[in-house]
Amino acid sequence: MQSALANILLIGVAGLVAIDAHAAEFIVKATTVTEMKAVYGQVESRTILPARARISGTISSVRVSEGAEVSKGDVIATVVDDKLALQLRAADAKIAALNSQLDSARTDLQRAQDLLAKGAAAQSRVDAAKTQFDVVTNQLAAAIAEKAVIEQSTKEGDVLAPADGRVLTVPVAAGSVIMAGEPVARVASGQYYLRLSLPERHAVEITEGARVDIGERGTGTNAGFVKASEGRIAKVYPEIENGRVIADVEVADVGTYFVNERTLVSIPVAKRTMLGVPPEALRIVHGVDYVTVETADGPLDVAVVLGGAFQDAGQPRVEILSGLADGDKVVLP
């Protein structure tokens with residue numbers, strides 16, 4: 001029994017030191033990596049424009065609801081002022097009366113000119129008729145302009161979308177009374193971006209232009225971080241509020257996120273130097289991780305303590321916490 005156990009141990013030790021003569025070598029070099037931290041970013045819109053009523057009156061209809069996509073110029077709601085219809089009728093009546101006065105003034109002017117040609121009237125009568133004709137003509141032009149103002153006010157009862165975007169809120173309903181200038185809806189018209197609120201200790205590490213990873217929608221700390229896209233830190237605000245530094249992240253296409261929705265963002269917060277080896281350089285014997293190192297006395301199996309996995313120039317590496325030094329030659333199988 002003891003001899004059999006001894007043979008097994010000898011075979012295990014021989015397995016630790018057995019090296020392929022054609023095995024490749026990997027030189028351990030210190031690598032600087034960026035440490036990432038997952039934080040929550042809040043989706044916001046660059047611009048949120050209110051669609052305001054241009055006249056006072058009663059809202060007769062609302063054509064959109066929250067979440068609807070609108071284009072610039074789309075009718076969001078219609079405001080009706082009953083007084084405008086009465087003013088329009090009064091303007092039509094005034095124009096009709098002035099047209100009658102204009103016809104009479106034209107007739108008087110023509111009669112005065114005919115009498116002047118026959119020598120039966122003075123020039124002053126012709127001048128007075130001409131003045132009266134000009135006065136009525138100008139009054140008619142003013143009345144037509146006033147009617148155009150009323151008609152334009154009627155057209156302005158339509159509340160138009162100020163820009164392309166998504167309707168966030170509609171704080172009114174059909175039948176409610178509204179004053180000119182009050183908002184009928186709020187439209188998120190700008191490109192969506194992510195706003196980060198980070199602890200003050202990260203203020204030095206956060207720099208504009210740094211690349212960040214955007215997590216998959218719906219993932220959280222329990223599910224782990226799942227990268228869905230990339231973004232860029234576009235702006236870091238110089239003022240710290242309540243111990244938090246504010247930064248904005250630009251994303252090419254946020255997607256169909258809700259405004260003020262939160263999602264995970266992995267940001268660079270620090271840099272550190274580490275040693276790493278290819279995964280194939282590791283061997284596990286009796287639960288201990290070993291790396292074969294080329295020394296002056298020949299190959300030597302060294303027990304190492306492993307860290308996490310990372311990428312070095314696109315190649316997979318495993319961090320070595322202890323057991324190796326910068327410049328060691330690792331034998332690869």
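The following conversation goes through a predicted model and sets its computed values against the definitions behind them.

Visitor: What makes a value usable in this model?

Guide: The model is predicted, so local features need pLDDT of at least 70 and side-chain atom pairs count only at pLDDT 80 or more, while totals for chains, interfaces and linings use all residues. Residues are numbered from 1 along each chain as its sequence is written, and side-chain values use heavy atoms, with hydrogens and water left out.

Visitor: Why is glycine 157 called buried?

Guide: Buried means under 20% relative accessible area, exposed means over 50%, and partly exposed lies in between, with a 1.4 Å probe and protein chains only. Glycine 157 has a relative accessible area of 0%, and therefore counts as buried. Glycine 157 is found in the loop between helix H3 (123-155) and strand S7 (158-160), where helices (H or I, at least four residues) and strands (E, at least two) are DSSP runs numbered from the N terminus.

Visitor: What does glycine 157 touch?

Guide: With contact meaning heavy atoms within 4.5 Å, and not counting residues up to four places away in sequence, glycine 157 touches Ile55, Ala77, Thr78 and Val79. The C-alpha atoms of glycine 157 and serine 104, which are 53 residues apart along the chain, are separated by 38 Å.

Visitor: How do you know that histidine 286 is exposed, and what is asparagine 260 called?

Guide: Histidine 286 has a relative accessible area of 76%, and therefore counts as exposed. Asparagine 260, at 48% relative accessibility, counts as partly exposed. Histidine 286 is placed in the loop between strand S16 (282-285) and S17, and has a positive phi of about 55° although it is not a glycine. Asparagine 260 is found in the loop between S14 and S15, and its phi is near 80°, again a positive value in a residue other than glycine.

Visitor: What makes a set of residues a nonpolar core?

Guide: The set must consist of buried Ala, Val, Leu, Ile, Met, Phe, Trp, Tyr and Cys residues joined through side-chain atoms within 4.5 Å. The largest such core has 22 residues, of which Ile233, Val249 and Ile267 touch the most other members. At least two residues of this core come from each of strand S2 (30-45), strand S11 (192-199), strand S12 (211-215), strand S13 (227-241), strand S14 (244-251) and strand S15 (262-277). A second, separate core of 20 residues includes Ala51, Val79, Val159 and Ala185.

Visitor: How do you know that strands S4 and S9 pair?

Guide: Two strands pair if DSSP finds at least two bridges between them. Strand S4 (residues 57-62) and S9 have two bridges in the antiparallel sense, and the bridge partner of threonine 58 in S9 is valine 177. These strands belong to an open sheet of four strands in the order S7-S6-S4-S9, with antiparallel pairing. S7 and strand S9 (177-178) stand at the edges with a single partner strand each, so one side of each is left without a neighbour in the sheet.

Visitor: Which strands pair with S21 and with S10?

Guide: Strand S1 (residues 24-27) pairs with strand S21 (residues 329-332) over four antiparallel bridges, one of them setting phenylalanine 26 against valine 330. Strand S17 (residues 288-295) is joined to S21 by two bridges, also antiparallel, and glutamate 294 has lysine 329 as its bridge partner. Strand S3 (residues 48-52) and strand S10 (residues 183-188) pair antiparallel over five bridges, with leucine 49 opposite valine 187. Strand S8 (residues 165-169) and S10 pair antiparallel over three bridges.

Visitor: Why is arginine 46 said to lie over the face of tyrosine 193?

Guide: A charge sits over a ring if NZ of Lys or CZ of Arg is within 6 Å of the ring centre and within 35 degrees of the ring normal. Arginine 46 lies over the face of tyrosine 193 at 4.0 Å from the ring centre, and arginine 262 lies over the face of tyrosine 40 at 4.4 Å.

Visitor: What does UniProt place at residues 88-115?

Guide: The unreviewed UniProt entry places a "coiled-coil region" there, with positions in the numbering used here, feature names shortened, and annotations that may be inferred rather than shown by experiment. In the model, residues 88-115 are 100% helix and 0% strand, and their end C-alpha atoms lie 41 Å apart.
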